[in-house]
Amino acid sequence: MPERLLPLLTTRPQTGDALGARLGVNRVTVNTLARRLQEDGVPVQVSRAGYALHPDAPAPAQVTPTGLMGAAHRYHGTVTSTQDALRAWADETQDPAPHGAVLTAERQTAGRGRRGRAWDTTHGTLVFSVLLRHGPGGGPLSLPHLALLPLAAGVALARAAGVGGLKWPNDLLAPDRRKLAGVLLEADLRGEEARRAVLGIGVNVSAAPEGAAHLREFRPDLTRAQLLTDLLRELHIWLDAPPHEVLRAWREASVTLGQPVRVQTPQGLVDGTALDLDPSGSLIVQTPAGPLTVGAALGWKRALAALAVYVAAGAAGLPVLAGGSAGLMNAAGTGMRASVGYLFSYPLAAALVGFLVERYALDRKFLGTCLAMLAGSVVIYAVGLPVLGALTGLKGGALLTAGLTPFIIGDTIKLLLAALLLPTAWTFIRK
């Protein structure tokens, strides 16, 4: 496997015989493995002197960790996304990724940014993710702390880059306002805390997509390995910094405050002037209708909104079912046990809706929200029907008649009401 060769490569050339002896293979096999690494995107240099990594490569041997930040480090050629690859590493049973673990890659086939936007990864880009298992001082990853993490990462990014300014909530811009870098935070939530969070950062170092900027325009000698070392040092400082210090540093580096902005809200785009950050890191925008607080939405809040709307809309649709469904349910002998069965699946449905709406920004359009709610209904039935069957002993057609037929009309009403109500519920819960 090519991955066996990768940890042995350094910036100093090594002969095929020397590497083969360490791997237990001949030099022809070493050459084959090196070529496969190149095909995978790893910048392996092959010469008469031997095999070496390009000095720019952000491989573990060329990056200096700070504390726990980067103490565990995996480097890959091509992955779907560093976020997904790090999450898979964290789930391993033999050697799970610890707090502060870093995963870097040369290419992503399905890289993503905030709200599910594509994250373009080209050669010359530093792309990595950091695993966070706890908050400052070893405490839990609380929701208020999570809300400030993208801002803290932005401060670390600006200080390590040494150029540009921060655009709320997650971008580093060049002096001419072209994009240099971005931050993505994803969290696995459990109640009022996160089980873990994965912080992704992408920086254009020596190349950039059309219309964007790269750091070597301003720092010609910068390497990705050195930038990653600097970033890990700054992340070590700022991810554990007190909230007031993070907000102060972000304000100092901001190119958003005091400027005209156009922000996305559940009701659509709103124009105004960025005034300040509130204590939670949300942006306060002065609009013609007055001050508006805009949060960098977390999926848990959208899931909460979805659950509230789903339950409320279901209750609103219940009277429509009273006549027709009562006869079917009583004939099947299920009574209220049908509703009890479906109650178990509501949290799962709400979590799915919240994830879909946040990841793909489905609340921007009525049809998108309908699709998210429809996915929730599928979960309701997929989980609720087996529970109903276990409670009542019904099977096959009798189970479908008792557990599915009475709810079709009500769920159609629920779906439409929920799609209409979600933006309003999200507005209140976000506050």
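# Around Arg219 and the helices packed on α5

Leaving out residues up to four places away in sequence, Arg219 touches Ala160, Ala161, Gly162 and Asp230. The model in which these contacts are found is a predicted one, and the contacts of Arg219 offer a convenient way into it. Arg219 itself sits in the loop between β10 (193-204) and α6, and with a relative accessible area of 28% it is partly exposed. Although Arg219 and Gly162 are 57 residues apart in sequence, their C-alpha atoms are 8.8 Å apart in space.

Asp230, another of the residues touched by Arg219, belongs to helix α6. Is Asp230 buried or exposed? Its relative accessible area is 10%, and since residues under 20% are counted as buried, Asp230 is buried. When its neighbours within four places in sequence are set aside, Asp230 is in contact with Ala160 and Arg219, and Ala160 is in turn one of the residues that Arg219 touches. Ala160, Arg219 and Asp230 thus touch one another, as the contacts of Arg219 and those of Asp230 show.

The contact between Ala160 and Asp230 leads on to the packing of two helices, for Ala160 is in α5 and Asp230 is in α6, and both take part where these helices meet. The axes of α5 and helix α6 (residues 224-238) come within 8 Å and cross at roughly 140°, and the two helices are therefore oblique to each other, the limit for calling a pair roughly antiparallel being an angle over 145 degrees. The crossing of α5 and α6 is right-handed. On the α5 side the contact is formed by Ala152, Ala153, Val155, Ala156, Leu157, Arg159, Ala160 and Ala161, and on the α6 side by Leu227, Asp230, Leu231, Glu234, Leu235 and Trp238. Sorted by character, the residues of this contact comprise 11 that are nonpolar, none that are polar and 3 that are charged.

Helix α5 also packs against a second helix. Helix α5 (residues 143-161) and helix α7 (residues 243-253) pack at an angle of about 50°, and their axes lie 9 Å apart, which makes α5 oblique to α7. The crossing of α5 and α7 is left-handed, whereas that of α5 and α6 is right-handed. From α5 the contact takes in Leu148, Leu151, Ala152, Val155 and Arg159, while α7 contributes Pro243, Val246, Leu247, Ala249, Trp250 and Glu252. The residues of this contact divide into 9 nonpolar, no polar and 2 charged. Ala152, Val155 and Arg159 of α5 appear in the contact with α7 and also in the contact with α6.

Which residues of α7 are buried? They are Val246, Leu247, Ala249 and Trp250, each of which is also part of the contact with α5. Seen down the axis of α7, these buried residues fall within an arc of 165°, so they line one face of the helix. An α-helix has 3.6 residues a turn, so residues three or four places apart point the same way. The face of α7 turned away from the buried side carries the exposed residues His244 and Glu252.

Elsewhere in α5 lies Leu143, which counts as buried because its relative accessibility is 6%. Leu143 and Ala194 are 51 residues apart along the chain, yet their C-alpha atoms are separated by 7.2 Å.

A further helix pair is found in an earlier part of the chain. The axes of helix α2 (residues 16-23) and helix α3 (residues 27-39) come within 8 Å and cross at roughly 95°, and α2 and α3 are therefore roughly perpendicular to each other. In this pair Gly16, Asp17, Leu19, Gly20 and Leu23 of α2 meet Arg27, Val30 and Leu33 of α3, and the residues of the contact divide into 4 nonpolar, 2 polar and 2 charged.

Two details of the backbone also deserve a look. The peptide bond from Trp168 to Pro169 is cis, with omega near 0°, and Pro169 is placed in the loop between β7 (165-167) and β8 (171-173). In the loop between β8 and β9 (179-190) lies Arg177, whose phi is near 75°, a positive value in a residue other than glycine; at 47% relative accessibility, Arg177 counts as partly exposed.

Taken as a whole, the protein has 13 helices and 14 strands, and 51% of its 431 residues count as buried. Among contacts between residues at least 6 apart in sequence, 66% join residues at least 24 apart.

Notes. Residues are numbered from 1 along each chain as its sequence is written. This is a predicted model: local features need pLDDT of at least 70, side-chain atom pairs count only at pLDDT 80 or more; totals for chains, interfaces and linings use all residues. Side-chain values use heavy atoms; hydrogens and water are left out. Axes are lines fitted to C-alpha atoms, for helices over the stretch in contact, and angles run from 0 to 180 degrees between N-to-C directions. Helices (H or I, at least four residues) and strands (E, at least two) are DSSP runs, numbered from the N terminus. Angles under 35 degrees count as roughly parallel, over 145 as roughly antiparallel, 65 to 115 as roughly perpendicular and the rest as oblique. A crossing is left-handed if the near helix is turned anticlockwise from the far one by less than a right angle, and right-handed if clockwise. Contact means heavy atoms within 4.5 Å. Ala, Val, Leu, Ile, Met, Phe, Trp, Tyr, Cys and Pro count as nonpolar, Asp, Glu, Lys and Arg as charged, and the others, Gly among them, as polar. Buried means under 20% relative accessible area, exposed over 50%, partly exposed in between (1.4 Å probe, protein chains only). The arc is that of the directions from the helix axis to the C-beta atoms.
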